[in-house]
Amino acid sequence: MIIDLSVPISEDTSVYPDDPPVSVRLWAVIDRDGYYMNVLKMGEHTGTHVDAPAHFVPDGRTIDEMPLERFMGEGLVLDVRNGDGNVRLDEIPDSGYYDRIVLFLTGGRELSPEVALFLVAEGVKAVGTDAMSIGDEAVHRILLSEEVPIFENLVNLDSLIGRRFTFVGLPLRIEGGSGSPVRAVAIIGRD
């Protein structure tokens with residue numbers, strides 16, 4: 001079974017404050033042109049997307065320079081919706097993060113720098129959130145300086161709590177990109 005973890009892209013897609021709005025314009029129609037196509041205009045960090053190190057780290061790798069292996073792997077969902085403020089260390093398990101893609105079901109909360117440092121020390125492959133942002137500038141710098149990709153605006157994470165799954169969120173190969181929209185999915189085997 002495959003569960004879609006991505007928000008739809010349309011002119012109604014919410015964007016981070018001051019980011020460019022999404023524009024979808026009709027370019028060609030079958031009756032007139034013999035084919036159908038739209039023109040899209042949006043920022044790299046629109047909808048469900050992944051941040052590359054270059055987003056916050058001077059001379060950091062761009063999205064096209066990142067190894068594809070960083071965008072797929074064994075996933076883990078942590079439900080931290082019941083807390084207040086930034087997600088704290090005492091709200092998450094003490095271990096089990098090495099080489100995993102850790103996804104936070106936050107209800108809009110952000111990670112604390114302490115959680116970001118802990119995840120880096122534990123050897124996570126990538127981190128993600130259902131929130132529009134994983135955290136403040138410090139959280140981004142902590143994760144991205146260690147080349148830990150950050151997935152944001154994920155959906156349907158509640159259906160993955162306590163389940164084994166493979167996460168896949170491949171970016172577009174945008175030359176020099178600071179990030180990319182992704183079609184993130186969870187592939188669930190037999191439990």
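A salt bridge here is a side-chain nitrogen of Lys or Arg within 4 Å of a carboxyl oxygen of Asp or Glu. The model is predicted.

**Exercise 1. Salt bridges around Arg 88**

Task: Which network do salt bridges that share partners form with Arg 88?

Solution:
- Step 1. Take Arg 88 and Asp 90. Their side chains meet at 3.2 Å, N to O. The cut-off is 4 Å, so the pair qualifies as a salt bridge.
- Step 2. Take Arg 88 and Glu 91. Their N to O distance is 3.4 Å, and they too meet in a salt bridge.
- Step 3. Join the bridges that share partners. One network results, made of Arg 88, Asp 90, Glu 91 and Arg 109.
- Step 4. Place the network in context. The structure holds ten salt bridges.

**Exercise 2. Buried, partly exposed or exposed?**

Task: Classify Arg 88, Asp 90, Glu 91, Asp 33 and Arg 32 by relative accessible area.

Solution:
- Step 1. Set the cut-offs: buried is under 20%, exposed is over 50%, and partly exposed lies in between.
- Step 2. Arg 88 has 39%, so this residue is partly exposed.
- Step 3. Asp 90 has 63%, so this residue is exposed.
- Step 4. Glu 91 has 22%, so this residue is partly exposed.
- Step 5. Turn to another salt bridge, where Asp 33 and Arg 32 meet at 2.9 Å, N to O. Asp 33 is partly exposed at 32%. Arg 32 is exposed at 59%.

**Exercise 3. The cores**

Task: Which elements each supply at least two residues of the largest nonpolar core?

Solution:
- Step 1. Find the core. It has 23 residues, and those with the most contacts inside it include Tyr 97, Phe 104, Leu 111, Leu 119 and Val 127.
- Step 2. Assign the elements. They are strand E5 (72-79), strand E6 (101-105), helix H2 (113-122) and helix H3 (137-145).
- Step 3. Follow Leu 119. Beyond its neighbours within four places in sequence, Leu 119 is in contact with Tyr 97, Phe 104, Leu 111, Val 124 and Val 127.
- Step 4. Look for another core. One of 22 residues lies apart from the largest, with Ile 3, Leu 5, Leu 160 and Phe 167 among its members.

**Exercise 4. Phe 165**

Task: Where is Phe 165 placed, and is Phe 165 buried or exposed?

Solution:
- Step 1. Phe 165 is in strand E9, residues 165-168.
- Step 2. Its relative accessible area is 4%, so Phe 165 is buried.
- Step 3. Compare sequence with space. Phe 165 and Ala 186 are 21 residues apart in sequence and 5.9 Å apart, C-alpha to C-alpha.
- Step 4. List contacts beyond four places in sequence. Those of Phe 165 include Leu 76, Val 77, Leu 103, Leu 160, Ala 186 and Ile 187.

How values were computed: Residues numbered from 1 in each chain as written. Predicted model: local features only at pLDDT ≥ 70, side-chain atom pairs only at ≥ 80, totals over all residues. Heavy atoms only, no water. Core = buried A, V, L, I, M, F, W, Y, C linked by side-chain atoms within 4.5 Å. Buried < 20%, exposed > 50% of the residue type's maximum accessible area, 1.4 Å probe, protein only. Helix = DSSP H or I, 4+ residues; strand = E, 2+ residues; numbered from the N terminus. Contact = heavy atoms within 4.5 Å.
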